[in-house]
Amino acid sequence: MELIEAIKTRRSVRRFDKRPVDDKIVHEIIELGNLAPSAGNLQPRNFIIVKKQEIKEQLAHAALDQRFVAQAPVVVVVCANLKRTAHYGSRGRELYCIQDSAASIENMLLAIVDFGLACCWVGAFDEHAASRVLGLPPHVRPVALLPIGYSEGKAGYASRIPIDELIHYENW
Ligand SMILES: Cc1cc2nc3c(=O)[nH]c(=O)nc-3n(C[C@H](O)[C@H](O)[C@H](O)COP(=O)(O)O)c2cc1C
């Protein structure tokens, strides 16, 4: 699949069928995520693979009871590693590690499309609850839950603000 096609056809999918996702594909998706750029190439990211139903249920609960999180066969939790970005001080801790994580998430979303899979970037969750569920150390901050699976049905298109309203020139 061409990259532009993947960008154009990607949708947030919140309904998954029961088919499992091959472990090798999950690993490859994560490797592609880590090919994203990061400030100073410090790669301050960790990826937690969650397949146990009980843990997925607890994550769904932490995510304001968004049930589809528990219905996906696998959830990858993308985390920012604050220690690994410490070289850049507060800018590293507060900004770069989140940007670095987001860059890897977008890579992963596009790779997921390429593998014929589906996902939804889930950011609305109680960070402390999710950290507790996963036993994360204090310097590892969960940034997004990525429930991954095969789409059940076709997700709709979410419209975009016309681009002319978003582009500005020098003297805005
Ligand atoms: C930072 C971030 C957090 C998001 N959190 C959630 C979420 O908690 N639950 C959800 O259903 N969708 C979530 N989304 C998905 C957006 O709702 C979705 O990307 C947007 O509506 C556009 O739709 P599309 O992805 O199909 O183009 C999130 C997206 C981003 C980038």
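**Ligand shell and strand β2**

Student: What atom of the ligand is 2.8 Å from an N or O atom in the side chain of Gln66?
Tutor: A nitrogen atom of the ligand. Keep in mind that this is a predicted model.

Student: OK, and what does Arg14 do there, which ligand atom does its polar side-chain atom lie by?
Tutor: An oxygen atom of the ligand, 2.7 Å away. Trp121 joins in through its backbone: an N or O atom there is 2.9 Å from a nitrogen atom of the ligand.

Student: How much of the ligand's accessible area does the protein cover?
Tutor: It covers 64% of the 620 Å² that the ligand has on its own.

Student: And which residues come nearest?
Tutor: Out of 13 around the ligand, they are Ser12, Arg14, Gln66, Trp121 and Arg160. By class, the shell has six nonpolar, three polar and four charged residues.

Student: Switching topic: is strand β2 mostly covered or open?
Tutor: Mostly covered: eight of the eight residues in 74-81 are buried. Side chains in a regular strand alternate between the two faces of the sheet. In β2, Val74, Val76, Val78 and Ala80 are buried on one side, and Val75, Val77, Cys79 and Asn81 are buried on the other.

Student: What does β2 pair with, then?
Tutor: β1 is joined to it antiparallel by six bridges, and β4 pairs with it, also antiparallel, over eight. Val78 is the bridge partner of Phe47 and stands opposite Ala144 in β4.

Student: Last one: why is Arg132 called exposed?
Tutor: Because its relative accessible area is 65%, and exposed means over 50%. Arg132 is in helix α6.

Terms used. Residues are numbered from 1 along each chain as its sequence is written. This is a predicted model: local features need pLDDT of at least 70, side-chain atom pairs count only at pLDDT 80 or more; totals for chains, interfaces and linings use all residues. Side-chain values use heavy atoms; hydrogens and water are left out. Buried means under 20% relative accessible area, exposed over 50%, partly exposed in between (1.4 Å probe, protein chains only). Helices (H or I, at least four residues) and strands (E, at least two) are DSSP runs, numbered from the N terminus. Two strands pair if DSSP finds at least two bridges between them. A residue is near a molecule or strand if one of its heavy atoms lies within 4 Å of it. A polar contact is a pair of N or O atoms within 3.5 Å; within protein, one must be able to donate a hydrogen and the other to accept it, and residues adjacent in sequence count only if both atoms are side-chain atoms. Accessible areas come from the Shrake-Rupley method with a 1.4 Å probe; for residues, only the protein chains shown count as cover. Ala, Val, Leu, Ile, Met, Phe, Trp, Tyr, Cys and Pro count as nonpolar, Asp, Glu, Lys and Arg as charged, and the others, Gly among them, as polar.
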